[in-house]
Amino acid sequence: MELPTPADLRQRRTDLELTQSELADRADVSQPLIARIEGGDVDPRLSTLRRIVTALDEVEGGIIRAADLMNEDVVSVSPDDSVSEAARKMEAEAYSQLAVIQDGTPVGSISQSELVHLDEADRDESVEAHMAESFPTVSKDASLDEISNLLDHYKAVMITEAGSTVGIITEADLAARLS
């Protein structure tokens with residue numbers, strides 16, 4: 001993620017015809033802080049910068065969040081399920097990977113590429129014995145940019161709320177939404 005410079009923030013604010021006070025109200029920070037950031041007098045915390053950029057994005061309109069993109073119907077397996085059960089679910093749903101979820105929490109993932117090398121005897125083993133790391137998790141408020149960056153490196157992104165899985169986003173979901 002490329003961080004905006006003070007000049008970038010000032011330019012974007014003025015392009016949107018916002019005063020420093022209006023931006024401060026929208027970002028829930030003080031107007032003097034906006035002035036100091038734009039003047040280059042202070043380096044804001046990442047969380048403060050995120051609130052300012054989010055406020056600017058919202059003024060521009062059309063900001064897409066994880067909640068807008070996610071599939072709430074998450075097809076998954078548990079770590080205790082057999083590998084053959086995971087393979088059956090993948091085939092039935094035409095998915096190349098599945099989230100591994102235990103008690104609502106993502107704990108891993110399993111994909112066809114992990115299953116293709118297994119022999120017949122391994123098909124009765126648990127998913128836990130063959131699963132890979134979990135897909136990254138974000139909140140429903142995560143932006144399209146955050147999700148896109150994660151999907152550059154992972155096959156899916158899990159959406160969680162209070163630690164429980166509430167949705168999933170894959171590259172196919174992103175492509176369908178943006179086409």
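At 76% relative accessibility, D103 counts as exposed, and this aspartate is a good place to begin a tour of the structure. The model you are looking at is predicted, with an average pLDDT of 91 for the chain. From D103 we will move on to confidence, salt bridges, surface charge and a few distances.

**Two unusual backbone angles**

- D103 sits in the loop between β2 (97–102) and β3 (105–111).
- The phi angle of D103 is near 50 degrees, which is a positive value in a residue other than glycine.
- Most residues other than glycine have a negative phi.
- Which loop holds D28? Look between α2 (20–27) and α3 (31–38), where D28 is found.
- D28 also has a positive phi without being a glycine, with a value near 60 degrees.
- Is D28 buried or exposed? D28 is exposed because its relative accessible area is 63%, and exposed means over 50%.

**How confident is the prediction?**

- In this chain, 97% of the residues score a pLDDT of at least 70.
- Where is confidence highest in the chain? Strand β1 (residues 76–77) takes that place, at 98.
- Confidence is lowest in helix α9 (residues 171–178), where the mean is 80.
- As a rule for reading any such model, predicted coordinates should not be read in detail where pLDDT is low.

**Salt bridges**

- How many salt bridges does the structure hold? There are 6 of them, and the pairs below are among them.
- E38 pairs with R13, and the closest N and O atoms of this bridge are 2.6 Å apart.
- This pair links distant parts of the chain, since E38 is in helix α3 and R13 is in helix α1 (residues 6–15), 25 residues apart.
- Both partners, E38 and R13, are buried.
- E58 and R65 also meet through their side chains in a salt bridge, at 3.2 Å from N to O.
- Why is R65 called buried? R65 has a relative accessible area of 14%, and buried means under 20%.
- Its partner E58 is partly exposed, with a relative accessible area of 43%.
- A salt bridge also joins E85 to R88, with the closest N and O atoms 2.9 Å apart.
- Where do E85 and R88 lie? Both are in helix α6 (residues 83–93), 3 residues apart, which is about one turn of the helix.
- E85 is partly exposed, with a relative accessible area of 24%.
- R88 is partly exposed too, with a relative accessible area of 46%.

**A negative patch on the surface**

- Which residues form the negative surface patch? D119, E120, D124 and E125 make up this patch.
- One of these residues, E120, is found in the loop between α7 (112–115) and β4 (137–138).
- E120 is exposed, with a relative accessible area of 66%.

**Distances across the fold**

- D80 is found in the loop between β1 and α6.
- At 62% relative accessibility, D80 counts as exposed.
- Along the chain, D80 and Q102 are 22 residues apart, while their C-alpha atoms are separated by 8.9 Å.
- V53 lies in helix α4 (residues 46–60), and V53 is partly exposed with a relative accessible area of 22%.
- How many residues apart in sequence are V53 and R13? They are 40 residues apart in sequence, and their C-alpha atoms are 9.8 Å apart in space.
- R13 has already appeared above, as the salt-bridge partner of E38.
- I110 is found in strand β3.
- Is I110 buried or exposed? I110 counts as buried because its relative accessibility is 0%.
- I110 and T19 are 91 residues apart in sequence, and from C-alpha to C-alpha they are 50 Å apart in space.

Conventions:
Residues are numbered from 1 along each chain as its sequence is written. Side-chain values use heavy atoms; hydrogens and water are left out. Patches are made of residues with over 30% relative accessible area and no salt bridge: like charges are joined within 9 Å, nonpolar side chains (Val, Leu, Ile, Met, Phe, Trp, Tyr) within 5 Å. Accessible areas come from the Shrake-Rupley method with a 1.4 Å probe; for residues, only the protein chains shown count as cover. A salt bridge is a side-chain nitrogen of Lys or Arg within 4 Å of a carboxyl oxygen of Asp or Glu. Lys and Arg count as positive and Asp and Glu as negative; His and the chain ends are not counted. The place of a charge is taken as NZ of Lys, CZ of Arg, CG of Asp or CD of Glu. Helices (H or I, at least four residues) and strands (E, at least two) are DSSP runs, numbered from the N terminus. Buried means under 20% relative accessible area, exposed over 50%, partly exposed in between (1.4 Å probe, protein chains only). pLDDT is the predictor's confidence in each residue, from 0 to 100.
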